[in-house]
Amino acid sequence: RQVVLTWETASELNNAGFNVYRSRTLDGVKKKLNTELIDAQHPGETTGALYTFIDANVKPKKKYFYWLESVDLNDASTLEEPEKIRTVNK
C-alpha cells in the first residue's frame, strides 16, 4: 500500500534539493507530496547520491503519475518527465 520512489544524482554541484509531485492523470493537478524540500546530500559538490521517497497514501489497483523537481542553489527549478506507476491489489 505504498509506492517507493528512488532516484540517483551523478553530481550535486548546483543542487539544493528536490520536490516530489503526484497526480492521478498525466494532465491533472500536481500535488506536492513533501512538506519541506528534500535536501541534497552533497549540495554544491561533484559527488552524487541515492534518494528514496515513500508515498504511503495510495490505493490498490490505481494509476499514478510522479514528477521529480530539482531545485538549484539559486532557487530555480526543473521538473523532470513523469513516471507512471500502477499499484497492485494487495
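The largest nonpolar core of this predicted model consists of 15 residues. Within this core, W7, V20, I38, Y51, F53 and Y66 have the most contacts. Four strands each supply at least two residues of the core, namely β1 (3-8), β2 (15-23), β5 (50-55) and β6 (63-72).

The surroundings of V20 were examined as one case from this core. When neighbours within four places in sequence are left aside, V20 is in contact with L5, W7, K31, K32, L33, N34, I38, F53, Y66, W67 and L68. Among these partners, W7, I38, F53 and Y66 also belong to the group with the most contacts inside the core.

The core sits in a protein with 8 strands and 0 helices. Along the sequence, the order of elements is β-β-β-β-β-β-β-β. A box of roughly 40 × 25 × 20 Å, taken along the principal axes, is filled by the C-alpha atoms. The protein has 90 residues, of which 38% count as buried. For contacts between residues at least 6 apart in sequence, 63% join residues that are at least 24 apart.

With respect to the surface, the protein exposes about 6000 Å². Carbon and sulfur atoms supply 47% of this exposed area. Charged side chains comprise 13 positive and 13 negative ones. The centres of the positive and negative sets lie 20 Å apart.

Two further positions were considered individually, one in a strand and one in a loop. I54 has its place in strand β5, one of the strands that supply at least two residues of the core. I54 counts as partly exposed because its relative accessibility is 46%, between the limits of 20% and 50%. Apart from residues up to four places away in sequence, I54 touches Q2, V3 and V4. R1 is 53 residues from I54 in sequence, and the C-alpha atoms of R1 and I54 are 10 Å apart in space.

K59 lies in the loop between β5 and β6. With a relative accessibility of 54%, K59 counts as exposed, because the cut-off for this class is over 50%. Setting aside residues up to four places away in sequence, K59 touches Y64 and T87. A76 is 17 residues from K59 along the chain, and a distance of 33 Å separates the C-alpha atoms of K59 and A76.

Conventions: Residues are numbered from 1 along each chain as its sequence is written. This is a predicted model: local features need pLDDT of at least 70, side-chain atom pairs count only at pLDDT 80 or more; totals for chains, interfaces and linings use all residues. Side-chain values use heavy atoms; hydrogens and water are left out. Buried means under 20% relative accessible area, exposed over 50%, partly exposed in between (1.4 Å probe, protein chains only). Contact means heavy atoms within 4.5 Å. Accessible areas come from the Shrake-Rupley method with a 1.4 Å probe; for residues, only the protein chains shown count as cover. Lys and Arg count as positive and Asp and Glu as negative; His and the chain ends are not counted. The place of a charge is taken as NZ of Lys, CZ of Arg, CG of Asp or CD of Glu. A nonpolar core is a set of buried Ala, Val, Leu, Ile, Met, Phe, Trp, Tyr and Cys residues joined through side-chain atoms within 4.5 Å.
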